[in-house]
Every structure is written in structure tokens, then in C-alpha cells.
Amino acid sequence: MDTRYLTQTVGDALAQGMAQVAVKKPADPVEFLAHYLLGYHKQQEAKKDAAHKKIQLEEERIAYEQKMRREQLLKEEAEANARQAEAAAAAAAANEAEQQAAAAAAEATASRGDEEAAEEAPAAEESEAAADGAAEEEEEEGEA
């Protein structure tokens, strides 16, 4: 007989059941022990189920925490991307404003140049007319 096998598999149940038989001293100890062993088995199954449910709940809790961490990281990443987009838009707006200011300055410079050129044009025309007039006078003098 393999006593090690019996001790490992039914030893605790039998020892506890026999102790109850000794304490209670039932009229039919075999039937009492049979009922005790059935109850013991149900109790052990309930403990196993409870332990399994506890493990399952812990796994679900861990999975939920990981999900929440991932969602938090995604939210933080989205916020960072939004801040970067806002900064890029602000930089683009500032760049556009600088370009508009430079274009306005160039336009103002060009219009000042046009005004100066317009002022110089009549003087140049007068100079050309005077030069033409002098040349004509010289030709007339040369002919005369």
C-alpha cells in the first residue's frame, strides 16, 4: 500500500473527518464520515473557485490599470501634439506677419522710389529739352 499517496490525497480530509467522528460520536460513524467527506470536498471546491475568481479579478484589475495607463499616455501625447501644432501655427502666423511687414516695407520703399523718380523725370525732361534746344540753336547758328 502506498501510504505517501494516501497521505497526500486524502490524509487531511480523513484526519479531520475522523477527529469529528471522535468528538461527535455519531450513531453511524461511517455515514457521518461519508457526509463529512462530501461536505469537505464541496468546501475545498468552493475554496478553489474563490481562489480562481480572486486570481481572475486581480488579472482583470491589472489589465484595467494598464488600459488606463495607455489611455492616459495617449491623452498626454495628443495634448503634446496639440501644443506643438499650436506652436507651429503661431510660428507660421508670425512668419506670415513678418513677410507681410517686409512686403509692405518693400512696397513703401518702391513707392518712395517712384515718387522720387516722378520728381526727377520732369527735371530730366527739362534737361533733355534744354539740351535739345541748345543743339537746335547750334545747328541754326551753324546753318546761318
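Biologist: Before we start, what counts as a salt bridge here?
Modeller: A side-chain nitrogen of Lys or Arg has to sit within 4 Å of a carboxyl oxygen of Asp or Glu. Keep in mind that this is a predicted model.

Biologist: OK, and how many salt bridges does the structure hold?
Modeller: Four.

Biologist: Let's take glutamate 45. Which side chain does it meet in a salt bridge?
Modeller: Lysine 48, at 3.9 Å from N to O. That N to O distance counts because the cut-off is within 4 Å.

Biologist: Where do those two lie?
Modeller: Both are in helix H2, which covers residues 29–143. Glutamate 45 and lysine 48 are three residues apart, about one turn of the helix.

Biologist: Why does that spacing suit a pair?
Modeller: An α-helix has 3.6 residues a turn, so residues three or four places apart point the same way. And side chains of opposite charge can pair when their charged atoms come close.

Biologist: Is glutamate 45 exposed or only partly exposed?
Modeller: Glutamate 45 is partly exposed, at 32% relative accessibility. Lysine 48 counts as exposed because its relative accessible area is 55% and the cut-off for exposed is over 50%.

Biologist: Moving on to arginine 61. What does it pair with?
Modeller: Glutamate 58 is one partner, with the closest N and O atoms 2.3 Å apart. Arginine 61 also meets glutamate 65 in a salt bridge, at 2.5 Å from N to O.

Biologist: How are those partners spaced along the helix?
Modeller: Glutamate 58 is three residues from arginine 61 in helix H2, and glutamate 65 is four residues from arginine 61 in H2. Each of these pairs is separated by about one helical turn.

Biologist: What larger network do they belong to?
Modeller: Salt bridges with shared partners link Glu58, Arg61, Glu65 and Arg69 into one network.

Biologist: How accessible are arginine 61 and the two glutamates?
Modeller: Arginine 61 is partly exposed at 37% relative accessible area. Glutamate 58 is partly exposed too, at 36%, and glutamate 65 counts as partly exposed at 32%.

Biologist: Switching topic: what's the overall fold made of?
Modeller: Two helices and zero strands.

Biologist: How much of the chain is buried?
Modeller: Buried residues make up 3% of its 144 residues. The chain exposes about 12,300 Å², and carbon and sulfur atoms supply 56% of that.

Biologist: Which residues are buried in H1?
Modeller: Ala13, Gly17 and Val21 are buried there.

Biologist: And is H1 straight or bent?
Modeller: H1 bends by about 70° at valine 10. Its 22 residues would reach 32 Å in a straight helix at 1.5 Å a residue, but the end C-alpha atoms are only 27 Å apart.

Biologist: Which residues form the nonpolar patch on the surface?
Modeller: Tyr5, Leu6, Val10, Leu14 and Met18, with about 430 Å² of accessible area together. Val10 in that patch is also where H1 bends. Tyrosine 5 has its place in H1 as well, which runs over residues 3–24.

Biologist: What happens just after H1?
Modeller: Lysine 25 takes a positive phi of about 45° there, although it is not a glycine. Lysine 25 is found in the loop between H1 and H2.

Biologist: Is lysine 25 buried or exposed?
Modeller: Exposed, with a relative accessible area of 65%.

Conventions: Residues numbered from 1 in each chain as written. Predicted model: local features only at pLDDT ≥ 70, side-chain atom pairs only at ≥ 80, totals over all residues. Heavy atoms only, no water. Patch = residues over 30% accessible without salt bridge, like charges linked within 9 Å, V, L, I, M, F, W, Y side chains within 5 Å. Areas by Shrake-Rupley, 256 points an atom, 1.4 Å probe, with all protein chains shown as cover. Buried < 20%, exposed > 50% of the residue type's maximum accessible area, 1.4 Å probe, protein only. Expected span 1.5 Å × (residues − 1). Bend = angle between axes of the 7 residues up to and from the residue.
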